[in-house]
Amino acid sequence: MVLTSTRSIIGLQKKTASIRNICILAHVDHGKTTLADCLISSNGIISNRLAGKLRYLDSRADEQIRGITMKSSAISLLFAKDEQEYLINLIDSPGHVDFSSEVSTAVRLCDGCIIVVDAVEGVCSQTHAVLRQAWLENIRPVLVINKIDRLILELKFTPQEAYAHLKNILEQVNAITATLFTSKVLEERAEKEVETQLTSDSAHGDQVYDWSAGLEDTDDSQLYFSPDQGNVVFASAIDGWGFGIEHFAKLYSQKIGIKQSILLKTLWGDYYLNTKAKKIMKTDQLKGKKPLFVQLVLENIWSLYEAVTKRDKEKIDKIVASLELKIGARELRHADPKVQLNAICSQWLPVSEAILSMVCSKLPSPLDITAERVEKLMSVGAKAFDCLPQETQDLKDAFMKCSSEETAPVIVFVSKMFAVDPKMLPQNKPRPLSQEEIAQRRELIKQRHAEKMANQGLESMQQATGGNSANHTLKTGEPKGDNQLPTSQVETTSPAAVKPDMENKQAFVAFARVYSGAVKKGQKVFVLGPKYDPAESLHKLPSGCSAADNLPTVPHLACCTLEELYLLMGRELEELQEVPSGNVLGIGGLQEFVLKSATLSSSPACPPFNPLNFEVTPIVRVAIEPKHPSEMPQLVKGMKLLNQADPCVQVLIQETGEHVLITAGEVHLQRCLDDLKERFAKIEISASKPIIPFRETITRPPKVDMVNEEIGKQQKFAVIHQSKEEQNKIPEGVQVDSDGLITISTPNKYATLSVRATPLPEEVTRLLEKNSDLIRTIERFASYFNEGKKTEMNHKTLEQIEEFKQKLEQHLQGWKWRNAVDGIWSFGPRKCGPNILLNRCGGYKRSVWQCLEGSKPSKEASLYRDFDNSILSGFQLATLSGPMCEEPLMGVCFSVEKWDMSKFEEQLTFNRQDSEEEKAEEKTSSEEITGLVARAKDAESVSENELQDSDQYCLKSSNKGKGDTLVADCYGPLSGQLIATMKEACRYAMQAKPQRLVAAMYTCEIMTTAEVLGRVYAVLSKREGRVLQEEMKEGTDVFIIKAVLPVAESFGFADEMRKRTSGLASPQLVFSHWEVISDDPFWVPTTEEEYLHFGEKADSENQARKYMNAVRKRKGLYVEEKIVEHAEKQRTLSRNK
């Protein structure tokens, strides 16, 4: 099979119109891999009987054990329809939320996708996610409603109930598509309106906003899923059957005598058959009449299942005979009804034929790529397609033509790198022998046999004659050894030579697609980094240059050779010499050039493709170390390889020296650790407990206390605790106002700062988080502006910044925030975080928006401008690690109310006068020394002591002058003092307000039955979960529970849930948002009511304090806790007897 199919695949790769690049997308356990098995079995790669059991594309051992797909893998299939052959490059993707990054890598390489939905569970959270990913990448979907057998066998639905249920599922899927479509149309319309407002000045009078306009004009008929359009298949992959309504329309058009085109429109929907008139009616004239789909399609399937499950042999034989099927006697006699069902259904309604014919007719070929998708792929960051250089814009035609001619530029996108065992590479495998090689070996064996027989004859003759045959045997033995030794060496030593390299080195293959041109083995191409900009680099390179030329070094541009090209066949790889445009392929030898994803091109005018859209943020962190410290180099190397092999994982070394692994969830973390141990590092490693991320913030002072009593009206009883704590917080020398204004001076008292901390509104924090990339751009332009560099800002970016500024002004309303937006000095941490620094200093005006206004900084404030960066650095340091447990801040606004440097200015003027006097003194002393040296030369009678004394005097005087001029005292330079002072001021300002911890939260979706609902709630409440919604799926006993759960409590949650519910409930956790923990971590009882309610120690568990102390312990910070409590009770009670 392999040789013939590889030849035919290579032949079809050149016919771009016959290629379909598709991926299978769905929620976890909705049957993607089983469906892929059915499609693979149609090509004879695996047996029909093993389809659904083998899970051929799940090649990893842990995938087979867990029963879930963890990586996207591709296979090429052949399919013939209407005397035309098609090549289908199929990519199976994971459904588990932890591996949704693999879905992004698969979707980018495809032109169409198969969305699979479980007929019982319906639309789930990941179904939403994959539909959105397909929409964002502009690829066309088709729908497969799978597991219909569960409606018959598990839920015991009647055909009529099943029809209503299937209609409901279709409506849900179409509703998601409609939402995505509506948002896109309204967005485009809003952009057009902005453009028209900018161009036309004649807009006068009141304008009425019409929300519907734009939606009515746009054609959306092709977007939705409907069986009559041929883009829906009903299937049961495990039983091997599936159908589109065109199959039954063709069948019944001959039987009933109604045209096939009419049946195609009426088989799905509320249409009824009038058998007497042989007409199809829109309304049910006779009550209790069944729709056509129920009557002609579902009832036949239901009757087949009923006959097989009830072992009705006569009925089975009748059905087999009427359908003209050939079922083996072994299948008909089999005790398991599933085997009989599979044998009958897979011949009657083969699922592979239904799905692949739908794919070939409804999904586009690479030639049909839309201009919109091409522009989206080529427009990186804030740059619009029209702003790209002309040479780059010309490449759009190459994309659209998808040509494989010699003149066409080669454009390849690598979506991920995946690790392969070197033994699995085709060049390292034992290849099958050709007929000539077999004939040569046969002749060699015959020759050896003849020699052996001749030697035996000679020995027997010598023994008979009794001659001395010792020398003779040696002589005859020598050539024999010479003849045999080379052949045995060739056979046995060549694999041994390769083996050490294989074990030490991990092979990486790039998962890629050719968008234009033909890729050839050994070809040289450019590797374009994500920051490569053709507009900046093209003028540095000679026109018409190629990767083979000697070129000047250009940032983010490298040249590489495509060493190996592979055809991806699931678990196997086949060697290729050339791959034409529009095909998915594997590329070997890019390990040194590509980290995770990259764009390869023969033209330097090609821009790097838009980065992949990842639905999930990596949030689970663990610190890793080897069990034997000497193996640290292997661990570092292994982590680099893991980082390259996984598109979602992040690897970093923290300031503490810890090697940290950041993953998307628990299952993903376990897979990464297994890979490190067994594949990449090959050493024993120990992982810490997950490092849970927190944030620190401040809130408004609460109006009620812990027992919901209004603060200020109760009798104070235990105030001593709190007053002591407040005294400990802020040291002497720092002034604190009643409203939290902190005034602090630098150690040398030359500069004074006054800082106030204020909590930001939630909407502002969310806005800052959402626009972190835009904020980074603003800060970059602001720094260029301050350094005096000339930069041109894109018109679209300017619009986005203006819109962002307007939104900030809308949310920051009230007297407290007056002119706050104009005074924004910086954002933090890392100049793009959700915290703001406001400039409210009287004499010095500076903001991040100055680059927009183009106003130059005033000369009067040049002294303040020199130390501007020190204040910003102090703010960045303060927001990076807060006072509670050194975690980053969130939602805090620091306003600098006063920045006084008058003492420093006085000192500077005093130093200038002083330095002039010093210079005069130095001049006279140097004249004396020169005179002294001259006398020494003449008389040679001056002692060395005199010279040394004069040198020391000179040094002292010069040092004194230098020190006074630079005002460098024992506290160090003033810039460093300002950084430290600003950091401390921000920390104290924050401590003056009520502090709170902010926890990362997961949204949790659980599907379960009514009988274990109580246990699900018990597990959720034990782990601080909060249920948001509970709904019952219509027509089933399945409940869908939506809840939020702190990330800190999520470890082991899925296992505990499965154990407590006997496997009936399985949660899906996705990172959602940050949420403030309402408890005060420093709280102690202060009122009589609190004292009575919580006791003297108030030792009932404070969740925020528990989290804070855990983080402080991990970081080695001081934790206030008692090691021994109730010491008087720790005596033996036996003495009292």
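How many bridges join strand β20 to strand β22? In this predicted model, the answer is five, and they link residues 620-626 of β20 to residues 659-663 of β22. The two strands run antiparallel. To pick out one rung of this ladder, V622 has L661 of β22 as its bridge partner.

These two strands belong to a wider arrangement. Following the order β21-β22-β20-β23, four strands form an open sheet with antiparallel pairing. At its edges lie β21, residues 650-653, and β23, residues 685-687, each of which pairs on one side only. Averaged over the sheet and with direction ignored, neighbouring strands are turned by 30° against each other.

Two helices pack on this sheet. Helix α20, spanning residues 632-645, touches β20, β21, β22 and β23, and its direction makes about 25° with that of β22. Helix α21, built from residues 666-680, touches β20, β22 and β23. The direction of α21 makes about 135° with that of β22.

Helices also meet other helices, and one such meeting involves α8 (residues 245-256) and α10 (residues 292-309). Their axes come within 11 Å and cross at roughly 110°. Because angles of 65 to 115 degrees count as roughly perpendicular, α8 is described as roughly perpendicular to α10. The crossing of α8 with α10 is right-handed. On the α8 side, the contact is made by I245, F248, Y252 and I256, while α10 brings F293, L296, V297 and N300. Sorted by class, this contact holds seven nonpolar residues and one polar residue, with no charged ones.

A second pair of helices can be followed in the same manner. Helix α32, residues 1013-1022, packs with helix α33, residues 1053-1060, at an angle of about 150°. The axes of α32 and α33 are 9 Å apart. Since angles over 145 degrees count as roughly antiparallel, α32 is roughly antiparallel to α33. Here, too, the crossing is right-handed.

Which residues of α32 and α33 make the contact? From α32 come R1015, V1016, A1018, V1019, L1020 and K1022, and from α33 come F1053, E1056, M1057 and R1060. By class, the contact of α32 with α33 has six nonpolar and four charged residues, and no polar ones.

Methods. Residues are numbered from 1 along each chain as its sequence is written. This is a predicted model: local features need pLDDT of at least 70, side-chain atom pairs count only at pLDDT 80 or more; totals for chains, interfaces and linings use all residues. Side-chain values use heavy atoms; hydrogens and water are left out. Axes are lines fitted to C-alpha atoms, for helices over the stretch in contact, and angles run from 0 to 180 degrees between N-to-C directions. Angles under 35 degrees count as roughly parallel, over 145 as roughly antiparallel, 65 to 115 as roughly perpendicular and the rest as oblique. A crossing is left-handed if the near helix is turned anticlockwise from the far one by less than a right angle, and right-handed if clockwise. Contact means heavy atoms within 4.5 Å. Ala, Val, Leu, Ile, Met, Phe, Trp, Tyr, Cys and Pro count as nonpolar, Asp, Glu, Lys and Arg as charged, and the others, Gly among them, as polar. Two strands pair if DSSP finds at least two bridges between them.
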